[in-house]
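Q: Please pick one part of this model and take a close look at it. I would like a walk along the strands, ending at the metal site.

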Amino acid sequence: MRPFPWGLREQRLREALVEIGARLYARGLISANDGNFSVRLDARRILITPRGRSKGWLRPEDMVVLDMGGRVLRMGRGRVGPSSEWPMHIEAYRQRPDIIAVLHAHPPYTVALTVAGVPFPSEVLPEVVMTVGSVPTARLAMPSSEDDALAIREWIRDRNAVLLPHHGVVTVGRTLEEAWIILERVEHAAKVYLLSRVLGEARLLPPEFLATLVTGG
Ligand SMILES: [Zn+2]
């Protein structure tokens, strides 16, 4: 495995998480003090958002440093500990040595799909087919518990996005930007799908077109 060549030092990663929080909040992908996100610092440590705080106006010093066992190596500002969803983040990193970023948000159109019991429409938009692929829905699990970590385990091994029913979505990426793009695409597709059903039939892309996309031909 390559030794973390991303070139971002810890302070820049802290600032990047602040920026992610501000954008998620501004885009309406998280509400209140929902959501949490993290990034690998190295093979043994991650940086993760603090518990309780709104992610819309975090500061770099709010982030918490954890080891891969979930032990706190450095608290956030005001001695605030990590997001209660930290087990889910650690689980994603354990399952995916190739990723450096994990984002968890509560995007309303995506969550609405799960509340309605509608599977994610992964074959409606070409860019979703090409860059996200299928997005499974995990089983119902108790938020902010080890149960969430267990619920995503089997899916996150080979998917970059997993829906948590009645709750939200988890995305992962080889960069923070990649995890962000996947998260935004998932919500965009959910929104377009819902609007198309309001207008009439939500049509899937034709199979022959899909085959061309998948093979890149
Ligand atoms: Zn959540």
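A: Two strands count as paired if DSSP finds at least two bridges between them. Strands themselves are DSSP runs of E with at least two residues, numbered from the N terminus. Before the walk, note that the model is predicted, so local features need pLDDT of at least 70 and side-chain atom pairs count only at pLDDT 80 or more, while totals for chains, interfaces and linings use all residues. Residues are numbered from 1 along each chain as its sequence is written, and side-chain values use heavy atoms, with hydrogens and water left out.

Start with the overall layout. Seven strands form an open sheet in the order β4-β3-β2-β1-β5-β7-β6, with antiparallel pairing. At the edges lie β4 (72–74) and β6 (161–164), and each pairs on one side only. From one strand to the next, the twist averages 25°. Such angles run from 0 to 180 degrees between N-to-C directions; the axes are lines fitted to C-alpha atoms, for helices over the stretch in contact. In general, sheet strands pair through backbone hydrogen bonds, in either a parallel or an antiparallel way.

Take the β4 edge. Strand β3 (residues 64–67) runs antiparallel to β4, and two bridges join them. One residue pair to look for is L66 with its bridge partner in β4, V72.

Now move to β5 (residues 101–105). On one side, strand β1 (residues 36–40) pairs with β5 in the antiparallel sense over four bridges. Here V39 has A101 of β5 as its bridge partner. Strand β7 (residues 168–173) also runs antiparallel to β5, with five bridges between them. In that pairing, the bridge partner of H104 is V170 of β7.

How well covered is β5? Mostly covered: five of its five residues are buried. Buried means under 20% relative accessible area, exposed means over 50%, and partly exposed lies in between (1.4 Å probe, protein chains only). A101, L103 and A105 point one way from the strand, and V102 and H104 point the other way. All of them are buried. H104 counts as buried because its relative accessible area is 0%.

Next comes the β6 edge. β6 and β7 pair in the antiparallel sense over four bridges. V162 has V170 of β7 as its bridge partner. V170 of β7 is thus a residue to view twice: H104 bridges to V170 as well. β6 and β7 form a hairpin, with three residues between them. In the turn, H166 has a positive phi of about 60°. Both faces of β6 are covered. A161 and L163 are buried on one side, and V162 and L164 are buried on the other.

Finish at the metal. Which protein atoms hold the donor role for the zinc ion? They are the NE2 atoms of H104, H106 and H167, lying 2.0 to 2.1 Å from the ion. Donors are N, O and S atoms within 2.8 Å of the metal (3.2 Å for Na, K and Ca). Water is not among the atoms, so sites may look incomplete. Along the sequence, the donor residues follow the spacing H-x1-H-x60-H. H104 links the metal site to the sheet: its NE2 is a zinc donor, and H104 bridges to V170 in β7.
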